[in-house]
Amino acid sequence: MPSSPHTDHAGPENLAEEQPQLFTTRTAPQPANTSRLFIGALALFAGSIAFSVLGMLLLQLVPAALSYFGPYLGTLISAPTWTYMSMLPVLAILMYGSELGWKRMSFFVVWGCVAGGASELIGTTGLFAIGDLVLPFGQYEYTSWLGPKFADHVPYFIPASWFAMSIVSFDLARRLSDTRWVYLLVAATFMTLWDVSLDPAMNGAGAQYAVGSVTFWSYPQGGFYYGMPISNWIGWLAVSYVIMLGYEYLGGGLDTYHPWAPAVYLLNCLFPLLILVMQGMTIAVFWGALATAIPFLALWRVSGASFRLFPANA
């Protein structure tokens, strides 16, 4: 059985008693339990990815199928996408909730969603700008494919995805170092690496679908990487780092790691990578695959033969 979370580190309820220092170290995290409910949610998550990928592959290999599925196309695209986006934060809660305790877990959820969602709302409304540069990501906007939006700008699913992938990235980074400034920066970097494959797959630049363009967001001013400006990655790194700081200094840090975290991170990166492969976006596939591999190469180098992508009893 895993040991209980460390109580010598500040949580939301005892922050005034201790202020952790950036350059100090922490003890290694302990493994978390895997529930049957998590396994079921993971199966649904993976199934939504498989359904989407196989559907796109069918339309590529058999274009005539569009004449049959055409009337239902909007639902066939939205349903698995919304399932995927819904299950990602559910997985994160099931992975860490029982070990962190529901009070701390609630803080992680709220902080990740609010920090990520606020950055998106600032970015899509253009609230802050330096000259032509809209902070923190550059000028962009969401389409209707991700459903209803906060203030008609940010889809409801987006803040929760910031929480989910940031805590999984935090988990992986904690395995690499016990020094605070190192794992906080590494966690933010892992979060940003996900976007190397995600962005070209979702912003529609260079992708040709049998049904036409399916674009989830776009950059009106364009950019160097399939229409994306470099400011987007700088913004991702900065916002991710702020989220990690909140988890560490306000939420008490992550005292546990989940044996399925590497697989969840990989699945989340594979989805856009497979889309890029099917669209023949070779350069984006190369850079996306390289970015996806970096966390696992780092984990393998530190852990050696003990590193497992999937739990031994999976």
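## A quick tour of the chain

Of the 314 residues in the chain, 48% are buried. Please keep in mind as you browse that this is a predicted model. The chain holds nine helices and eight strands, and its accessible surface comes to about 14,200 Å². Below you will find notes on confidence, on helix α1, on the salt bridges and on one buried threonine.

**Confidence and overall make-up**

- The chain has a mean pLDDT of 88, with 88% of its residues at 70 or more.
- Residues 1–19 call for some care: the pLDDT there is below 50, and the stretch has 37 contacts in the model beyond near neighbours in sequence.
- Among contacts with a separation of 6 or more, 78% join residues that lie 24 or more positions apart.
- Carbon and sulfur atoms account for 68% of the accessible surface of the chain.

**Helix α1 and the nonpolar patch**

- Helix α1 covers residues 36–61, which is 26 residues in total.
- From its first C-alpha to its last, α1 reaches 37 Å, close to the 38 Å expected at 1.5 Å a residue.
- Buried positions in α1 include Phe-38, Leu-42, Phe-45, Ile-49, Val-53, Met-56 and Leu-59. Ala-41, Ser-48 and Ser-52 are also buried.
- The partners of these buried α1 residues are α2 (66–69), α3 (73–100) and α8 (261–278), against which they pack.
- Leu-61, also in α1, counts as exposed because its relative accessibility is 64%, over the 50% cut-off.
- Leu-61 belongs to a nonpolar surface patch together with Leu-54, Leu-57, Leu-58 and Val-62. Together, the residues of this patch have about 440 Å² of accessible area.

**Salt bridges**

- A search of the whole structure turns up four salt bridges, and three of them are worth a stop here. As background, side chains of opposite charge can pair when their charged atoms come close.
- Asp-171 pairs with Arg-175, with 2.8 Å between the closest N and O atoms. Asp-171 is buried, with a relative accessible area of 0%, whereas Arg-175 is partly exposed at 23%.
- Arg-174 and Asp-178 meet through their side chains at 3.5 Å, N to O. Arg-174 is buried at 2% relative accessibility, while Asp-178 is partly exposed at 29%.
- Glu-248 and Arg-180 form a salt bridge whose closest N and O atoms are 2.8 Å apart. This pair links distant parts of the chain, with Glu-248 in helix α7 (residues 230–250) and Arg-180 in helix α6 (residues 180–202), 68 residues apart.
- Both ends of that link are buried: Glu-248 has 0% relative accessibility and Arg-180 has 5%.

**Thr-256 and its surroundings**

- Thr-256 sits in strand β8, which spans residues 256–257.
- At 5% relative accessibility, Thr-256 counts as buried, because the cut-off is under 20%.
- Leaving aside neighbours within four places in sequence, Thr-256 touches Pro-29, Gln-30, Pro-31 and Ala-32, among others.
- Tyr-96, Glu-99 and Leu-100 are also in contact with Thr-256, and helix α3 spans 73–100.
- Asp-171 is another contact of Thr-256, and the salt bridge between Asp-171 and Arg-175 was described above.

Notes
Residues are numbered from 1 along each chain as its sequence is written. This is a predicted model: local features need pLDDT of at least 70, side-chain atom pairs count only at pLDDT 80 or more; totals for chains, interfaces and linings use all residues. Side-chain values use heavy atoms; hydrogens and water are left out. Helices (H or I, at least four residues) and strands (E, at least two) are DSSP runs, numbered from the N terminus. Buried means under 20% relative accessible area, exposed over 50%, partly exposed in between (1.4 Å probe, protein chains only). Contact means heavy atoms within 4.5 Å. Patches are made of residues with over 30% relative accessible area and no salt bridge: like charges are joined within 9 Å, nonpolar side chains (Val, Leu, Ile, Met, Phe, Trp, Tyr) within 5 Å. Accessible areas come from the Shrake-Rupley method with a 1.4 Å probe; for residues, only the protein chains shown count as cover. pLDDT is the predictor's confidence in each residue, from 0 to 100. The expected span of a helix is 1.5 Å times one less than its number of residues.
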